[in-house]
Amino acid sequence: MRSAQMKQGIPGGADADRSIAARFGDRRAMLNLALVAVFCVLWSSAFAAAKIGIVDCPPLILLSARFLAAGVIMIALAVATGALRALPRRRDLVLLVALGALNNAVYLGLSWVGMETVSSGVAAVIISANPLLTALIAAPVLGERLGVAKLAGLALGLAGVAIVVRSRIAGGEELFGTALVCAALLSLVAGTIVFKRFVPRVDLWTGNAVQCLAGGVLLAPVALMTASPADIHLTANLVWSFAYMVVAVSIGAYWLWFYLLSKSSATAAASLHFLMPPLGLMFGWLLLGEPVAAADLLGIVPIAIGIRLVTRPTRGAGGRA
């Protein structure tokens with residue numbers, strides 16, 4: 001009480017405190033917005049980069065090598081920054097291996113094989129349905145509340161995705177490849193729920209590194225049984241694609257994904273995937289020359305509105321969506 005009175009006795013004391021807090025809040029909000037923007041660009045561009053890489057290398061071989069390389073680099077970063085002071089506990093290690101299987105080996109393994117016949121833009125659109133499935137499962141499993149506005153936002157986001165997918169499937173996209181990408185989506189949703197439900201008690205560098213190493217080890221035998229290293233053609237496109245996916249995606253985008261997931265609800269974090277259709281289509285057009293139909297652009301409108309409704313903080317939730 002006395003402290004409050006003293007502050008009030010200083011000209012502008014209480015107001016200054018509120019002003020400073022507001023400025024810090026604004027800076028934090030701007031930082032979070034910047035991180036979201038970087039994550040969305042990196043994640044959505046990965047589909048086009050992968051499409052380029054698998055032209056010169058069997059997808060599972062390339063993916064396994066990417067995971068192993070990224071895992072080794074992140075372990076080195078964890079050691080260099082002092083984050084890795086001891087090995088993760090058995091409970092956390094088992095959880096991270098399971099997450100590596102869901103978020104890396106199964107999700108991306110199926111996605112990349114599917115993209116041998118499906119365009120990168122369609123793959124990005126399908127994966128963007130992650131928020132709807134995550135929200136439906138998070139409500140009963142994690143106890144996350146879904147108000148009318150969030151349900152409306154999810155419905156609008158799904159409608160936008162459906163508009164884009166319908167136009168592409170009607171145009172003759174490969175159904176088997178589409179089914180593989182849909183199965184990949186289910187694996188990503190499961191990984192999101194498992195992470196939020198059990199939350200591994202390790203730093204993000206170590207956690208992401210173990211997941212990458214687990215994904216690479218799990219995929220390696222499957223990759224070598226289904227393809228041969230002789231099928232690899234060392235080209236400039238393959239080299240830059242591999243480097244981009246290791247550094248920008250496996251290290252950068254995945255670190256951001258788990259950071260954002262740890263700071264918000266599963267539903268709000270997953271809703272970022274509604275940004276993938278326009279960005280995925282843009283990178284597919286820009287890097288691969290994939291056509292963008294009028295229906296694709298039409299679908300962006302409900303997607304954008306849906307993102308706003310789903311990620312808008314609810315009253316009394318401490319600002320967490």
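In what order do the elements of the protein run from the N terminus on? In this predicted model, the order is simply α-α-α-α-α-α-α-α-α-α-α-α-α. Put as a tally, the secondary structure comes to 13 helices and zero strands.

On to the overall numbers. The protein has 321 residues, and 46% of them count as buried. Its accessible surface comes to about 15300 Å², with 70% of that belonging to carbon and sulfur atoms. As for contacts with a separation of 6 or more, 91% of them link residues 24 or more positions apart.

Asn 104 gives a look at the buried side of things. This residue sits in helix α4, which spans residues 90–114. Asn 104 counts as buried because its relative accessibility is just 1%, against a cut-off of under 20%. Leaving aside residues up to four places away in sequence, Asn 104 touches Phe 67, Leu 99, Gly 109, Gln 211, Cys 212, Gly 215 and Tyr 254.

The surface has its own story. A nonpolar patch is formed there by Trp 240, Met 282, Trp 285, Leu 286, Leu 287, Leu 288, Val 292 and Leu 297, which together offer about 750 Å² of accessible area. Helix α12, covering residues 276–288, supplies the largest share of this patch, at five residues. Leu 286, one of the patch members, is found in helix α12. With a relative accessibility of 53%, Leu 286 counts as exposed, since the cut-off for that label is over 50%. So Asn 104 is buried at 1%, whereas Leu 286 is exposed at 53%.

Notes. Residues numbered from 1 in each chain as written. Predicted model: local features only at pLDDT ≥ 70, side-chain atom pairs only at ≥ 80, totals over all residues. Heavy atoms only, no water. Patch = residues over 30% accessible without salt bridge, like charges linked within 9 Å, V, L, I, M, F, W, Y side chains within 5 Å. Areas by Shrake-Rupley, 256 points an atom, 1.4 Å probe, with all protein chains shown as cover. Salt bridge = Lys/Arg side-chain N within 4 Å of Asp/Glu carboxyl O. Helix = DSSP H or I, 4+ residues; strand = E, 2+ residues; numbered from the N terminus. Buried < 20%, exposed > 50% of the residue type's maximum accessible area, 1.4 Å probe, protein only. Contact = heavy atoms within 4.5 Å.
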